[in-house]
Amino acid sequence: NNLWLFAGYGYDNIGGIGALENLWKYNIATNEWTWVNGSLGTNPAPIYGTQGVPAAINTPGGRAECKSSWVDPQNNFWIFGGQDAVNGVYNDMWKYDIATNQWTFMKGDMVTNGLGNYGTKGVEAPANLPPSRLSYTKWEGLDGSFYIFAGGDFNNANYNDVWKYNPSTNNWT
């Protein structure tokens with residue numbers, strides 16, 4: 001029964017402007033915001049750590065835009081991709097565990113503007129990865145998979161592809 005807000009482009013606590021990595025919780029019952037995770041500054045770089053391993057220092061870094069997000073049945077918060085304020089867009093998948101207050105880098109390139117790997121259409125595989133993008137259309141399927149459609153990249157290329165991420169296998173189709 002809470003609302004969650006992650007990242008965005010705005011001001012930090014000392015008036016600097018840029019991409020933020022703050023995670024905030026809004027409690028509807030008390031009408032109060034709580035800063036839960038993230039730095040106080042702008043444009044922080046991601047700290048990926050070891051793929052699949054949660055850690056207190058892991059962070060997706062500053063994201064001026066990050067529209068693709070989901071909540072799984074275990075109440076974990078997931079994000080895919082997004083744009084930083086300086087270098088480009090990402091194709092990384094992150095999971096945030098509310099109970100432990102830790103991020104886990106799940107999959108993707110550890111740089112901006114990654115090219116991805118399409119693999120074979122309709123076939124889930126460990127090497128599959130969408131190209132980096134801003135993806136505004138996303139949904140969760142009845143099977144628990146996360147979907148993204150279309151989007152654009154830092155060089156104004158536009159996509160019209162559909163991708164499916166399976167959180168139980170950590171693979172894209």
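This short presentation concerns the aromatic rings of the structure shown above and the charges that lie over some of them. Please keep in mind that the model is predicted.

I begin with the overall count. A search of the whole structure finds 18 aromatic pairs. One of them is formed by Trp-78 and Tyr-165, whose ring centres are 5.7 Å apart. Their planes meet at 55 degrees; pairs count as stacked under 30 degrees and as edge-to-face over 60, so this pair is tilted.

Where in the chain do Trp-78 and Tyr-165 lie? Trp-78 belongs to strand β5, residues 77-83, and Tyr-165 to strand β10, residues 158-166. With the two positions 87 residues apart, the pair links distant parts of the chain. Both Trp-78 and Tyr-165 are buried.

Tyr-165 also pairs with Trp-172. Here the centres are 5.1 Å apart and the planes stand at 55 degrees, so this pair too is tilted. Are Tyr-165 and Trp-172 buried or exposed? Tyr-165 has a relative accessible area of 0% and is therefore buried. Trp-172 likewise has a relative accessible area of 0%, which means that this residue is buried.

I turn next to a cluster. Ring pairs join Trp-4, Phe-6, Tyr-48, Phe-77, Trp-94, Tyr-96, Trp-103 and Phe-105. Phe-77, a member of this cluster, falls within the residue range of strand β5, as does Trp-78.

Finally, I come to the charges over rings. Which residue lies over the face of Tyr-90? That residue is Arg-63, at 3.8 Å from the ring centre. Arg-133 is placed over the face of Tyr-159, at 4.2 Å from the ring centre.

Methods
Residues numbered from 1 in each chain as written. Predicted model: local features only at pLDDT ≥ 70, side-chain atom pairs only at ≥ 80, totals over all residues. Heavy atoms only, no water. Phe/Tyr/Trp six-rings, centres within 6.5 Å; stacked < 30°, edge-to-face > 60°. Helix = DSSP H or I, 4+ residues; strand = E, 2+ residues; numbered from the N terminus. Buried < 20%, exposed > 50% of the residue type's maximum accessible area, 1.4 Å probe, protein only. Lys NZ or Arg CZ within 6 Å of the ring centre and 35° of its normal.
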